[in-house]
Amino acid sequence: MGRRGALALGLAAGLALATGAAARGPESLADLAAEVTPAVVNISASTTSGGGATRPRVAPGPGTPFDDLFEEFFRRRGGREAPPRPRRSNSLGSGFVIDPSGIVVTNNHVIGEANDIQVIFSDGTRLKAEIVGRDTKVDLAVLRVKPEKPLKAVSFGDSEAMRPGDWVMAIGNPFGLGGSVSAGIVSARGRNIESGPYDNYIQTDAAINKGNSGGPLFNMQGEVIGINTAILSPTGGSVGIGFAVPSANAKPVIEQLREFGETRRGWLGVRIQSVDEATAEALGLGSPRGALIAGIDEKGPAKPAGFEIGDVIVKFDGREVKESRQLPLIVASTPVGKSVEVVIIRKKEEMTKTVTLARLEDGEQHASASSDGTAAEAPAATKRALGLELSGLSEELRRRYGLKDNLKGVVITRVDPNSTAADKRIQPGEVIVEVGQEAVSTPAEVTKRVEALKKDGRKSALLLVSSAQGEVRFVAIPIE
């Protein structure tokens, strides 16, 4: 082998060695683990409920060999059934101390409806805990214990600074094996696993199993950048896909729970939906972005602020809204009563609205368009368009489909099963309220608007479709 070949081989080997060294990550996490482990706790939550149903006892008839035995049995119990035994269930999870005085954070699902919560420390100490506050939407709970001396506590780090590929360490109580340390990297950020309205998880390949819930996910500085909450697994064990609530989302909730014992989230009072390619084209947005307003609460702050159905929110309080699912999280984390500027796009024009946020009520229900899917025999359709048979509103159709009295528009009496409209789940009995953001009241107006959009070069027609109960949504249908 010549000198040049040997040099090339040496460079290749050096490159491979350097790459391999980088992939190994930290030489050891022992010092880091030893530093933070005393602040990580095991959570034992027990629920004691009233006794369940007892099996009926049937006494034999008189004259049987067991007659005297059963008579003595019931006499000793005063002729009554034995009282049912109370049922006790236990769950194990993890948590961590954030204040030396005894404040502990965990997942809400770890404590559930428990009436006896024990916090177990790494030295074996057990302390009874009381609930300071809990939040079901982000799945967090704050507990308080009363230690004899200050506890070891850990602080939160900046989850927004974490990047895919950064090293992280998890400590918890998987399968009851307390003090277990696992390590990995941040696999992704901003994951939506459809577990709640504010999904924004950190995904990690650090081993997370049942019992790790509520435990901390540390960065290499020993700061908590996530709270381990869920796993994706077909087996029930770790397959390298775990999810943690980012500290940026957890901190405001924890602060509110500590101060008020409950959450106090901002509320805009709109119902939104995502903007896909077809909807973006129909609205003239250029590319999918923002959150499309599909409904406005009559008692919410958005209505007096001048928001309208069909507006697209692209920026809220200085923060860009790239996807619709970002908006609820941004609004909820904004203080109640704050006056904020909201940038919207209305009929291709950008404008700014100012709104003062109200408080999101616990009982608020986010409306979603629905239909019972029952297709009654349709009357003769006046017009056909976009794979739909349409008819004007009549008393007969209102009764047939159970339409609200104040609902206006054009009734859909049949949907071509092979059409895009069917793929978008448009159903007979729903009502077209607008086409291309203009109100329609007759089938002829629908076809006229579709033709006008086609002449303007639009590839899709944006329909505002209402359910029988008046809940609306936008649907973009390609124009053929």
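## Barrel, helix 5 and nonpolar cores

In this predicted model, six strands form a closed barrel in the order 7-8-9-12-11-10, with antiparallel pairing. On average, neighbouring strands of this sheet are turned by 45° against each other, direction ignored. Within the barrel order, strand 9 (residues 201-204) pairs with strand 12 (residues 242-246) in the antiparallel sense over three bridges. T204 has G242 in strand 12 as its bridge partner.

Helix 5 lies across strand 11 (224-231) and strand 12, and runs at about 50° to strand 12. The largest nonpolar core comprises 33 residues, and F96, M169, F218, I227 and I254 have the most contacts inside it. Helix 5 (residues 247-260) gives the most to this core, contributing four residues. Leaving aside residues up to four places away in sequence, I254 touches I98, V105, L140, V142, F156 and I227. A second core, separate from this one, has 21 residues, including L386, V440, V446 and L463.

Strand 11 also contains T229. This residue counts as buried because its relative accessible area is 9%, under the limit of 20%. Two polar contacts of the T229 side chain are listed below.

| Side chain | Partner | Distance |
|---|---|---|
| T229 | N107 side chain | 3.2 Å |
| T229 | I227 backbone oxygen | 2.8 Å |

Residues touching T229, not counting those up to four places away in sequence, are N107, H109, D139, Y201, S213, F243, A244 and V245. N107 is thus named both as a neighbour in contact with T229 and as a side-chain polar partner.

Technical notes
Residues are numbered from 1 along each chain as its sequence is written. This is a predicted model: local features need pLDDT of at least 70, side-chain atom pairs count only at pLDDT 80 or more; totals for chains, interfaces and linings use all residues. Side-chain values use heavy atoms; hydrogens and water are left out. A nonpolar core is a set of buried Ala, Val, Leu, Ile, Met, Phe, Trp, Tyr and Cys residues joined through side-chain atoms within 4.5 Å. Buried means under 20% relative accessible area, exposed over 50%, partly exposed in between (1.4 Å probe, protein chains only). Helices (H or I, at least four residues) and strands (E, at least two) are DSSP runs, numbered from the N terminus. Contact means heavy atoms within 4.5 Å. Two strands pair if DSSP finds at least two bridges between them. Axes are lines fitted to C-alpha atoms, for helices over the stretch in contact, and angles run from 0 to 180 degrees between N-to-C directions. A polar contact is a pair of N or O atoms within 3.5 Å; within protein, one must be able to donate a hydrogen and the other to accept it, and residues adjacent in sequence count only if both atoms are side-chain atoms.
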